[in-house]
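User: Hi! Could you walk me through this structure? I'd like to start with any enclosed space inside.

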Amino acid sequence: MLEVIVSTMPFLLEGLWVTFEISMITIFFGSLIGVLVGMLRTLNYAVINVPLGAYIHALRGTPFLIHLYFVYFMLPATGISWLQLEAFPAAVIALSLYTSTYVAEIVRGAIQAVPRGQGEAARSTGMTALQSMWYVVLPQALKLMIPPMGGVYVIIIKGTSIVSVIGIAELVRAGEHATQRHPRELMLIYGMTALMYFAYCYPVLRLARWAETKYGGVRLPS
Amino acid sequence: MPDPTPIIAVKDICKTFEIPGRPPVHALRHVSNHVDKGEVLVVIGPSGSGKSTFLRALNGLQPIDSGSIVIDGVELTDAKTDHNKLRQGVGMVFQHFNLFQHKTALENITMPQMVVLKRTKAEAGEIGNRLLARVGIADKGDSYPSELSGGQQQRVAIARSLAMTPKVMLFDEATSALDPETVGGVLELMKDLAAEGTTMVVVTHEMGFAREAGDRVTFMDDGAIVEEGTPEAIFDNPQHERTQLFLSQII
């Protein structure tokens with residue numbers, strides 16, 4: 001058993017690294033797009049809101065696997081040269097867009113949950129709309145965003161396992177390869193794979209929890 | 001004595017709220033008014049009479065449909081007017097205080113000064129501490145809003161507005177959300193400000209305050225000004241039937 005662990009570990013760690021790369025890039029771009037979309041949605045201009053709402057609902061209402069097939073198989077079928085994507089960029093693009101829709105809704109919800117009077121008070125001192133957003137509304141919205149954001153990030157990390165279907169050698173894929181070499185050690189190898197996901201996701205959740213108490217904790221009377 | 005140069009001149013303003021599926025609400029119907037420098041204008045009336053809408057229109061928080069509002073010579077409805085600059089000169093105190101919840105009492109007062117007036121932290125802090133003492137809570141600078149009573153929060157809110165050295169202070173039912181025992185202190189503070197010559201527009205249900213501190217009282221009902229005059233004229237000898245009815249109900 002120890003021999004199996006030692007011999008498969010390097011492959012699994014390589015897979016974990018790919019999972020780490022994909023999820024980090026995805027979380028970065030997904031959050032960037034999501035924060036932008038979420039903030040734009042709070043402006044309540046129909047011209048902006050209707051298309052962005054359609055984007056969010058279309059992606060949230062369909063499975064990620066279809067998005068992945070769309071970007072990786074269907075876009076190249078158009079014959080347009082710059083849409084011929086390699087597996088890795090295709091996976092990152094599809095996952096980032098998917099992530100952005102969840103982040104956008106969290107951001108929008110948190111901004112709208114900050115009482116209206118906060119922005120009004122800021123504006124009445126002479127702050128611009130942007131200053132009011134930056135100094136007054138966002139800091140208060142941020143603490144509402146942290147817990148659901150941590151949840152989405154963990155779901156995305158685990159969700160990267162789906163990209164194995166287009167041949168990316170991430171952690172689950174690496175585990176499958178290992179089971180082909182050691183068909184009798186299914187339990188052990190998938191157990192190790194699961195542990196590695198856990199070792200990655202658990203700190204993320206702890207970090208969110210820590211950030212929540214640091215930035216968003218209820219201030220108790222001293 | 002008020003100086004007879006109007007700081008605020010309101011002419012013929014209208015505002016209708018269109019709510020889908022319901023009849024439109026005419027919050028302001030051709031309202032005209034003016035506030036002179038150093039004057040305390042008190043606006044009274046039943047709820048839904050348009051007095052808060054009127055007040056919120058004065059600093060542009062509530063856009064109006066038609067009419068003209070001139071603040072210290074600047075036309076508010078002019079598209080070229082810088083509303084942010086204009087709001088700087090018009091302080092507003094809200095019914096629910098609206099203190100920035102993530103900032104301490106002192107930071108509530110210093111942050112707008114630093115952001116809007118570009119004062120340094122030291123300057124803003126000095127002004128902030130002086131104003132906290134002025135409103136009677138010098139020792140509460142480090143407290144967060146959630147740790148303060150309603151009365152204390154409203155004092156911070158008043159200090160926050162004063163820090164911007166406004167030309168006019170607007171009070172939107174500033175004592176309506178307070179516990180009875182803290183109302184008196186905040187009203188005293190407002191009376192002091194009035195006595196110092198602060199130009200104020202006060203929407204209130206506190207008739208004692210209106211009588212004592214008001215230079216002029218305007219009674220609004222159903223989106224229009226029904227009657228106005230000196231506190232004595234309005235309270236002791238109301239001319240209009242609706243004014244009489246309203247006063248008889250609340251005193």
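**The cavity and beyond**

Analyst: Happy to! The largest cavity is lined by S124(A) and T125(A) together with R87(B), Q88(B), V90(B), G91(B), M92(B), S161(B) and M164(B). Please keep in mind that this is a predicted model.

User: Thanks. What volume does the largest cavity have?

Analyst: The volume of the largest cavity is about 30 Å³.

User: And how many cavities of 30 Å³ or more does the structure hold?

Analyst: There is 1 cavity of 30 Å³ or more in the structure.

User: Which elements supply at least two residues each to the lining of the largest cavity?

Analyst: Two elements of chain B do that: α2 (83-88) and β6 (90-93). The largest share is 3 residues, and β6(B) provides it.

User: How does the lining of that cavity divide into nonpolar, polar and charged?

Analyst: The lining of the largest cavity has 3 nonpolar residues, 5 polar ones and 1 charged.

User: OK, switching to open spaces. How much space lies in the largest pocket?

Analyst: The largest pocket holds about 1,000 Å³ of space. Its lining has 25 residues, and those closest to the centre are T42(A), R116(A), G119(A), R123(A) and M133(A).

User: Which helices of chain A each supply at least two residues of the lining of that pocket?

Analyst: In chain A, α1 (2-42), α4 (87-113), α5 (116-124) and α6 (129-159) each give at least two residues to the lining of the largest pocket. The largest share comes from α6(A), with 5 residues.

User: And the chemistry of the pocket lining: how many are nonpolar, polar and charged?

Analyst: For the largest pocket, the lining divides into 14 nonpolar, 6 polar and 5 charged residues.

User: Let me step back to chain A as a whole. How many helices and strands does chain A have?

Analyst: Chain A has 8 helices and 0 strands. Its C-alpha atoms fill a box of roughly 70 × 55 × 25 Å along the principal axes.

User: Nice. α1(A) came up for the pocket. At what angle do α1(A) and α6(A) cross?

Analyst: The axes of α1(A) and α6(A) cross at roughly 140° and come within 11 Å. The two helices are therefore oblique to each other. Their crossing is right-handed.

User: Which residues meet there, between α1(A) and α6(A)?

Analyst: On the α1(A) side you have T19(A), S23(A), T26(A), I27(A), S31(A), M39(A) and T42(A), and they meet M133(A), L138(A), Y153(A), I156(A) and I157(A) of α6(A). By class, the contact of α1(A) with α6(A) has 7 nonpolar residues, 5 polar and no charged. You may recognise T42(A) and M133(A), since both are among the residues closest to the centre of the largest pocket.

User: Good catch. What about α1(A) and α7(A): at what angle do they pack?

Analyst: α1(A) packs with α7(A), residues 171-181, at an angle of about 160°, and the axes are 7 Å apart. That angle makes α1(A) roughly antiparallel to α7(A), because angles over 145 degrees count that way. Here too the crossing is right-handed.

User: Which residues make the contact of α1(A) with α7(A)?

Analyst: From α1(A), the contact uses T8(A), F11(A), L12(A), G15(A), L16(A) and T19(A), while α7(A) brings L171(A), A174(A), G175(A), A178(A) and R181(A). These divide into 6 nonpolar, 4 polar and 1 charged.

User: Last one, over in chain B. How do α5(B) and α6(B) lie, roughly parallel or roughly antiparallel?

Analyst: In chain B, the axes of α5 (residues 150-162) and α6 (residues 180-195) come within 9 Å and cross at roughly 20°. That makes α5(B) roughly parallel to α6(B). The crossing is right-handed.

User: And which residues make that contact?

Analyst: G151(B), Q154(B), R155(B), I158(B) and L162(B) come from α5(B), with T182(B), G185(B), V186(B), L189(B), M190(B) and L193(B) from α6(B). The classes in this contact are 6 nonpolar, 4 polar and 1 charged.

Notes
Residues numbered from 1 in each chain as written. Chains lettered and ligands numbered in written order. Predicted model: local features only at pLDDT ≥ 70, side-chain atom pairs only at ≥ 80, totals over all residues. Heavy atoms only, no water. 1 Å grid on protein atoms, 1.4 Å probe; cavity = no way out; pocket = protein on both sides within 12 Å on 5 of 7 lines; lining within 4 Å. Points joined across faces, edges and corners; volume = space filled by probe spheres on them. Helix = DSSP H or I, 4+ residues; strand = E, 2+ residues; numbered from the N terminus. Nonpolar A, V, L, I, M, F, W, Y, C, P; charged D, E, K, R; others polar. Axes fitted to C-alpha atoms, helices over the stretch in contact; angles between N-to-C directions. Parallel < 35°, antiparallel > 145°, perpendicular 65-115°, else oblique. Left-handed = near helix turned anticlockwise from the far one by under 90°. Contact = heavy atoms within 4.5 Å.
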